[in-house]
Structures are given as structure tokens and as C-alpha cells.
Amino acid sequence: NRSWRLDRRPDSDPADGNLRLHREGLPEIADGEILVRNVYLSIDPTHRIWMSDIDQYMDPVELGDVMRGGTIGVVEQTRSSRLSVGDIVTGQGGWQDYCALSARMVRKIELASGLPLTAYMGPLGNIGATAYFGLLEIGKPRPGETVVVSAAAGAVGSLVGQIAKLMGCHVVGIAGSDEKCAWLTDDLGFDASVNYKSGSIYDTLEAACPNGIDVYFDNVGGEILDTALTLINLNARIATCGLISTYNDLEQGGQGPKMYRNVLMKRATIRGFIVSDFLRRYPEAFAAIRHWLRIGALQYRVDVREGLEHAPDVLKLLFSGRHDGKLIVKISEE
Ligand code: NDP
């Protein structure tokens with residue numbers, strides 16, 4: 001069994017040497033557990049948070065431990081009546097070939113016809129639930145309002161914008177290349193898109209939001225959050241989903257927004273959330289998303305990279321933006 005273990009915490013960007021590849025025998029399973037062969041590993045921005053030991057929303061990964069990560073895999077041994085050999089399950093299997101997991105800590109995937117397994121790591125997994133609950137429960141968009149989303153061509157952001165369109169909103173996406181921006185408007189139906197790496201983001205965002213911003217779905221924090229705060233309307237809602245522009249700077253503490261005063265002036269609400277807060281309501285999100293996928297109202301992209309041995313390099317892609325859609329490492333055959 002190969003496993004990536006945390007060897008040294010990053011100082012800034014994830015670097016070679018933070019994780020080390022170990023080889024050992026297959027894990028033994030205890031009563032109530034299953035042995036899972038991991039097929040897909042989800043690569044997520046939050047892995048950078050878990051690698052640091054700052055105070056966070058769950059325990060950091062300890063030095064020497066297997067790197068935590070969401071997986072989809074096949075049950076190969078079982079000591080639980082809940083699951084059988086051959087079942088496909090999703091859970092926190094970690095950055096490794098095989099894992100022993102409590103049968104209570106995984107969700108069995110009932111494959112719907114026509115959808116690939118990777119969809120359960122995108123729109124029908126945590127990513128879809130994040131977009132759905134973050135936008136609808138925290139952002140509370142109303143028809144005709146302007147919704148702005150950052151990292152808009154990414155896994156979460158691309159779904160947020162499309163769901164906001166389904167809610168009848170004027171939708172503006174912020175992304176890091178002209179190709180990504182064109183995908184948002186030409187293929188996904190966003191009303192406008194802004195390339196934050198070209199020209200003044202304030203000017204382009206202001207032009208794309210002639211009626212100001214009612215909902216800002218924040219995936220990045222930093223300067224883009226500041227720009228959005230400058231343009232918010234009275235009673236705006238800011239859904240703080242992620243702060244990826246600050247994740248490589250966590251240990252330094254980061255800077256607060258300069259335009260924080262607009263929270264007061266505009267009586268805005270800023271609310272952070274973690275998708276697992278909504279765990280009990282996941283079926284509601286997946287029913288809606290499955291329906292939207294079936295009628296062609298929702299599109300998504302997955303970017304699957306082969307080989308557990310490349311996982312640390314794949315993680316770096318999230319911070320350079322050099323990927324197209326939900327980043328996944330394929331560990332073994334389905
Ligand atoms: P994405 O697929 O969106 O990939 C991350 C993207 O972020 C990159 O492609 C890049 O796109 C953009 N990015 C990277 N660095 C910067 C930067 N310095 N400034 C601006 N944009 C940057 O990842 P996910 O959809 O998985 O995650 C998006 C966000 O949602 C993350 O912040 C993540 O932590 C958060 N999240 C939160 C959850 C929760 O429960 N609260 C659950 C899941 C995700 P570009 O080319 O456009 O720059």
C-alpha cells in the first residue's frame with residue numbers, strides 16, 4: 001500500500017518535501033470496518049489548510065499521518081453487514097491506494113444511469129452541495145438580483161453561477177484567463193465574466209454589474225473580496241465559501257479587507273459556512289442537481305490526472321489555476 005504522509009508543514013506554497021510517499025502492507029480491518037481500494041482522490045484547496053497547524057474547522061493533519069482526502073473506491077473486504085464486497089463508496093479514504101474505514105463513515109454510491117463515477121466527486125458530491133447550500137442558504141438570491149462569484153470557472157464556482165442563473169439572477173463570474181471567461185459566458189450562460197489577471201478588476205467588475213452587487217459568493221478572499229465589497233448594494237449578502245488567495249499565507253495571518261466599512265454602510269451580511277454543516281440535507285441538494293443535470297441545465301467539467309504518485313504536483317495546480325474543472329487523481333481502475 002502506497003500512502004502520502006505529511007512530513008513537513010508548508011511555509012507558503014505547497015512544495016516538494018511537504019509530503020513523503022510511504023510503502024507498507026495492506027491495512028487490517030476490525031469489526032465494523034471495510035477495506036476499500038481507492039479509485040479516485042479528490043484534490044481540494046482545503047488540503048493546504050489541513051497541512052498547516054493553524055486553528056481551523058477540523059483537526060489539522062498530524063506530522064507523519066496519511067494526508068486526508070475525499071475518495072471514491074470499491075469495497076474489497078468487509079466486516080460489516082452494512083456493505084458488501086464490490087460496493088462503491090465515498091468517504092475520507094486519504095491519499096493512499098487502500099484504506100480501512102468504518103462502514104458508518106462512508107456513503108454508498110448508487111450509480112444513476114448515464115453519469116460517470118467522477119460526477120460523484122463533482123456536482124453529486126461535496127462540490128455540488130457546497131454550491132447549492134452556499135448560494136441558496138447563505139447568499140439567498142432573488143430573481144433579478146446581481147450575483148458575483150469568484151474562482152467562477154472552478155468546480156464550485158461554475159455550479160454556483162449556473163444555479164444563480166436558474167434562480168433568475170444577473171450572474172457575473174470572475175476567473176483567471178480569457179479562455180475560462182469565454183467558457184462562462186459562451187457555454188454556461190453567465191451574463192458577464194471578468195478576467196482578474198487583465199486590467200483593473202474594479203473597472204471591469206463595475207462595468208459588468210451596472211446595478212451593483214447583491215450577492216457575492218466568495219471563493220478567494222483578498223483583493224477580489226475587497227473589490228466586491230466596494231460595489232455591494234444595500235443589504236447585500238456575502239457567502240464566504242473559501243479564501244484560496246490567502247491559503248499559502250495562512251501562517252502569516254493574512255490581511256482583512258480594506259473596504260470592510262461597507263459592511264456597515266450597506267448593512268451587509270457576511271457569513272462563512274462549511275459544507276458539512278448541511279450534511280443531513282445533502283439528499284435535497286442532490287435531488288435538485290440530478291434533475292438539473294438530466295434536463296441539461298447544469299454543466300460541469302472534471303480534470304482527471306493519472307497516478308497517486310503525482311498527487312502533490314496535482315495539488316499545486318489549484319493555486320496556479322492550470323486545470324479545467326474539478327481536480328481528481330485517478331489511483332486505480334474503476
Ligand atoms: P477550484 O476548482 O475553483 O480551483 C481553485 C481555483 O481558484 C483555481 O483554478 C484558480 O482559478 C483560483 N485561484 C487560485 N489562486 C487564486 C488567487 N490567488 N486569486 C484568485 N483566484 C485564485 O476549486 P474548488 O471549486 O474546489 O474550491 C473553490 C473554493 O471553495 C476554495 O476556496 C475552497 O477552499 C472552497 N471550498 C469551500 C467549501 C466549504 O465547505 N466552505 C467546500 C469546497 C470548497 P483562476 O484560474 O480563475 O485563478
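I count a residue as near the ligand if its C-beta atom, placed from the backbone, lies within 6 Å of it.

**Ground rules.** This is a predicted model, where local features need pLDDT of at least 70, side-chain atom pairs count only at pLDDT 80 or more, and totals for chains, interfaces and linings use all residues. Residues are numbered from 1 along each chain as its sequence is written.

**Ligand shell.** I found 29 residues around the ligand, and the closest are Gly154, Gly176, Gly242, Ser245 and Gly321. Helices H2 (126-139), H3 (155-166) and H9 (311-320) each give two or more residues to this shell; helices here are DSSP runs of H or I, at least four residues, numbered from the N terminus. H3 supplies the largest share, three residues.

**Domains.** I looked up the domain assignment, automatic or from a database, and it gives domain 1 (2-122 + 301-330) and domain 2 (126-277). Their C-alpha centres lie 28 Å apart. The contact (C-beta atoms, placed from the backbone, within 7 Å) takes 15 residues from domain 1 and 13 from domain 2. Both domains give residues to the ligand shell, so the ligand lies between them.

**Core.** Next I checked the largest nonpolar core, meaning buried Ala, Val, Leu, Ile, Met, Phe, Trp, Tyr and Cys residues joined through C-beta atoms within 7 Å, with buried meaning 20 or more other C-beta atoms within 10 Å of a residue's own. This core has 97 residues, and Phe217 is one of those with the most contacts inside it. H2 gives the most, seven residues. Leaving aside neighbours within four places in sequence, Phe217 touches residues including Leu135, Val149, Val160 and Cys241.

Conventions
Two residues are in contact if their C-beta atoms, placed from the backbone, lie within 7 Å. A residue is buried if 20 or more other C-beta atoms lie within 10 Å of its own, exposed if 12 or fewer, and partly exposed in between; C-beta atoms are placed from the backbone.
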